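Me: Could you walk me through this entry, starting with one small spot and then widening the view? I work with models all day, so please spell out the cut-offs.

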There are 2 protein chains.
Amino acid sequence: MNLRVPGPTPLPDPVLDALSGQMINHRGPEFAELIGVVTDGLKTAFETSNDLLVLTCSGTGALEAAVTNVLSPGERTLVITIGVFGDRVVEIATAYGADVVRLGFPYGSAADPDKVHEALRAEPSVNTVFVTHNETSTGVTNDLEALAGIIKGEFNKMLVVDGISSIGSIPCPVDAWGIDVAMSGSQKGWMAPPGLAMVSVNQRAWEAVEKATIPRFYFDLARARDAAAKDQTPWTPGITALYGLRAGLDLMLAEGLGNVHQRHARIGARTRELVREMGLELFADPSFASDTVTAIKVPQGVEWKALSGHIREQHDVVLAGGQGSLSGKIFRIGHLGWVTDDEIDQVAESIKSALAAVRGSSVAAG
Amino acid sequence: MNLRVPGPTPLPDPVLDALSGQMINHRGPEFAELIGVVTDGLKTAFETSNDLLVLTCSGTGALEAAVTNVLSPGERTLVITIGVFGDRVVEIATAYGADVVRLGFPYGSAADPDKVHEALRAEPSVNTVFVTHNETSTGVTNDLEALAGIIKGEFNKMLVVDGISSIGSIPCPVDAWGIDVAMSGSQKGWMAPPGLAMVSVNQRAWEAVEKATIPRFYFDLARARDAAAKDQTPWTPGITALYGLRAGLDLMLAEGLGNVHQRHARIGARTRELVREMGLELFADPSFASDTVTAIKVPQGVEWKALSGHIREQHDVVLAGGQGSLSGKIFRIGHLGWVTDDEIDQVAESIKSALAAVRGSSVAAG
């Protein structure tokens with residue numbers, strides 16, 4: 001199967017082999033070594049010297065951890081959203097009682113730095129700003145460096161970044177851009193199975209954690225930090241997924257982080273080129289098109305279900321549909337983690353063939 | 001390594017093999033089949049026809065899910081605790097603003113049904129009672145059938161059971177005992193890796209979920225139920241751990257649930273017998289000694305660190321120390337999941353040898 005959804009991503013053989021490692025005591029020396037190596041590798045990929053914590057949950061768990069650890073009920077908070085995952089932060093922060101200012105941009109476009117500037121001017125009581133780096137639902141990558149320049153540089157706010165489908169695949173230098181809290185998920189560019197989320201936390205964020213009063217327990221980052229100081233996790237961790245993450249990090253570091261980023265940039269560009277060649281329309285603003293996931297408009301007169309069925313059954317290629325309000329309107333190609341040019345060529349071939357078949361049959365039926 | 005901590009537990013070869021399965025789309029038909037088979041197997045092992053939800057988290061996450069989904073801030077709630085994990089429920093419920101009545105019993109003893117009766121008489125405003133079935137920290141199994149008879153039968157309260165280290169290993173018929181919410185964790189008796197928790201929820205509990213106002217998002221059981229209706233999970237699930245759980249369930253169902261329970265009972269009894277033969281003292285009240293984990297007092301004049309070091313280095317056996325206030329005072333042998341008589345014999349031999357060595361060296365030093 002050519003699995004090309006934006007996570008879970010295919011696992012290379014060394015990762016698959018690592019997953020069948022026998023269990024160990026999560027309070028013993030083998031685990032200390034495991035979490036040590038994984039943490040060091042993640043810090044390299046996050047380009048950070050901040051604390052780096054591994055949680056056993058999905059990326060959404062990491063979003064919840066970020067919200068509940070830095071905010072207090074009633075706290076005015078700016079959430080910049082350009083898609084389903086930005087809206088998820090709005091939903092989580094609202095569920096936990098934050099007073100959310102939602103700065104939304106049309107799905108398919110990136111956040112406009114000028115509007116962020118305006119919003120921050122209009123909201124002096126906001127202490128913390130949430131931004132999605134790469135919006136998996138729309139295939140848009142925000143210009144995070146520019147946004148961070150405003151949020152941190154000009155306004156000196158705390159910056160929390162959903163880097164779930166960006167960090168490790170496209171450049172997101174956490175320390176250089178001054179990101180106070182950054183998150184990722186194991187099933188994205190890391191060539192590891194789902195079940196783990198990674199969160200970096202700097203000193204400023206720890207000070208916020210001290211003051212934040214939203215209730216939390218499982219996702220309490222202070223507990224995770226205290227356990228990490230003993231090379232442990234506060235609760236039993238996903239050991240098998242950690243074996244996979246260690247093996248995935250080994251491959252990434254052997255390839256070199258710069259080379260990993262370049263490969264994603266090249267394959268992202270190639271994907272968009274092939275899509276255009278087929279006469280299909282990209283959903284994302286081309287200036288901000290993501291190098292980890294490409295969103296494509298479902299052409300007029302074509303049913304996504306019929307298209308994806310053909311792609312899947314005839315070509316063993318698995319793509320992702322649209323989420324939420326985008327369901328049936330777009331489809332998405334994941335190209336993060338373990339991905340080659342050949343696999344993307346095969347995806348393009350499968351879409352071409354499926355379009356011909358689906359259009360042919362609708363002509364025949366008509 | 002003979003890993004004999006009360007979770008993570010060793011994985012048999014068919015489970016290890018299953019873990020190296022390639023990734024799939026968590027919104028596709030392969031996942032629907034996977035979660036369907038796992039859910040059915042879990043319902044058999046839980047002996048329930050209630051909804052059965054799989055969450056990506058540790059057992060503590062399941063405890064948090066139970067607390068946050070059925071309670072409201074300020075709600076008077078009875079938590080029966082006989083150890084660290086009962087106290088964890090107290091801590092979670094308190095963190096989320098419940099008004100907790102803690103009914104604690106000395107570590108090492110079981111909950112006294114008469115005192116539970118008294119507490120319920122004294123607290124008519126309590127709607128929900130939390131009980132630990134098997135307390136992993138002390139090696140005690142509560143007489144849950146008797147407790148349920150009072151809590152459900154006499155007082156008709158909602159009953160939430162931490163069955164994390166019991167269900168699947170020792171009898172805990174969820175429906176027969178009327179348990180409204182029951183939880184377990186994949187790394188316990190299920191012969192699967194950590195990273196998943198399982199929660200059964202009946203109709204009465206769903207009605208409580210409707211009314212409960214503690215904030216929740218990642219652990220929102222209603223979202224999990226709605227996703228389960230589409231053979232999905234609301235957030236990306238731990239697919240690799242699910243492969244392991246499916247393989248572990250296959251083995252359990254092939255052995256037969258009754259046989260699995262009998263094996264645990266036999267090996268639990270044998271462990272206690274060997275411990276007594278060595279002249280060591282059980283920590284738990286013998287009438288309520290657990291068949292999944294045995295807690296033993298560290299003998300006078302012996303350092304647990306020295307003892308466990310010898311056991312580990314000379315015999316490749318890994319046991320668990322005491323948690324919290326029991327640290328250094330007791331140690332624990334896990335015998336749940338994939339465990340044979342021979343392995344327990346080896347554990348006993350290793351303890352005997354280590355005790356002789358440690359006592360010999362302290363005599364030599366003295």
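Between which elements of chain A does A:Asp316 lie?

Reply: Happy to. A:Asp316 sits in the loop between helix H11 (304-315) and strand S12 (317-318) of chain A. Helices (H or I, at least four residues) and strands (E, at least two) are DSSP runs, numbered from the N terminus. This is a predicted model, in which local features need pLDDT of at least 70 and side-chain atom pairs count only at pLDDT 80 or more, while totals for chains, interfaces and linings use all residues. Residues are numbered from 1 along each chain as its sequence is written, and chains are lettered from A and ligands numbered from 1 in the order in which they are written.

Back to the loop. The phi of A:Asp316 is near 55°, a positive value in a residue other than glycine. Most residues other than glycine have a negative phi, and most peptide bonds are trans. A:Asp316 counts as exposed because it has 12 C-beta neighbours inside 10 Å. (Buried means 20 or more other C-beta atoms within 10 Å of a residue's own, exposed means 12 or fewer, and partly exposed is in between; C-beta atoms are placed from the backbone.)

A:Asn156 gives a second case: its phi is near 55° too, again positive in a residue other than glycine. A:Asn156 belongs to the loop between helix H6 (144-154) and strand S8 (158-162) of chain A, and it is exposed because it has 12 C-beta neighbours inside 10 Å.

Cis peptide bonds turn up as well. In chain A, the bond from A:Gly7 to A:Pro8 is cis, with omega near -5°, and A:Pro8 is in the loop between strand S1 (2-3) and H1. In chain B, B:Gly7 and B:Pro8 are joined by a cis bond with omega of about 0°.

For a buried loop residue, look at B:Ala212, between helix H7 (203-211) and helix H8 (221-228) of chain B. B:Ala212 is buried because 21 other C-beta atoms lie within 10 Å. Leaving out residues up to four places away in sequence, B:Ala212 touches B:Asn69, B:Val70, B:Leu71 and B:Ser72, where contact means C-beta atoms, placed from the backbone, within 7 Å.

Now the helices. H9(A) has 17 residues and reaches 24 Å from its first C-alpha to its last, close to the 24 Å expected; the expected span is 1.5 Å times one less than the number of residues. Its buried residues include A:Ile239, A:Leu242, A:Tyr243 and A:Met252. The buried residues of H9(A) pack against H1, H2, strand S10 (196-201) and helix H10 (257-277) of chain A, together with H1 and helix H9 (239-255) of chain B. A:Gly256 follows H9(A), with a positive phi near 95°.

In chain B, helix H10 (residues 257-277) has 21 residues that should span 30 Å, and its end C-alpha atoms are 30 Å apart, in agreement. The buried residues of H10(B) are B:Val260, B:His264, B:Ile267, B:Gly268, B:Thr271, B:Arg272 and B:Val275. They cover an arc of only 135° around the axis, so they are on the same side of H10(B); the arc is that of the directions from the helix axis to the C-beta atoms. B:Gly258, B:Asn259, B:Ala269, B:Glu273 and B:Glu277 are exposed on the other side. After H10(B) comes B:Gly279, with a positive phi near 80°.

Widening further, chain A is divided into domain 1 (13-254) and domain 2 (257-365), with bounds from an automatic or database domain assignment. Their contact takes 26 residues from domain 1 of chain A and 22 residues from domain 2 of chain A. Helix H2 (29-46) and strand S7 (140-141) each supply at least two residues of the domain 1 side.

Finally, the two chains. A rotation of 180° with 0.0 Å of shift along its axis superposes chain A on chain B, with RMSD 0.0 Å; the fit is by least squares on C-alpha atoms of residues with pLDDT of at least 70 in both. The copies are thus related as by a two-fold rotation axis. The same surface serves both, as 100% of the contact residues of chain A recur in chain B. The contact takes 44 residues from chain A and 44 residues from chain B. Helix H1 (13-19), helix H3 (59-70), helix H4 (84-95) and helix H9 (239-255) of chain A each supply at least two residues of the chain A side.

How values were computed. Contact = placed C-beta atoms within 7 Å.
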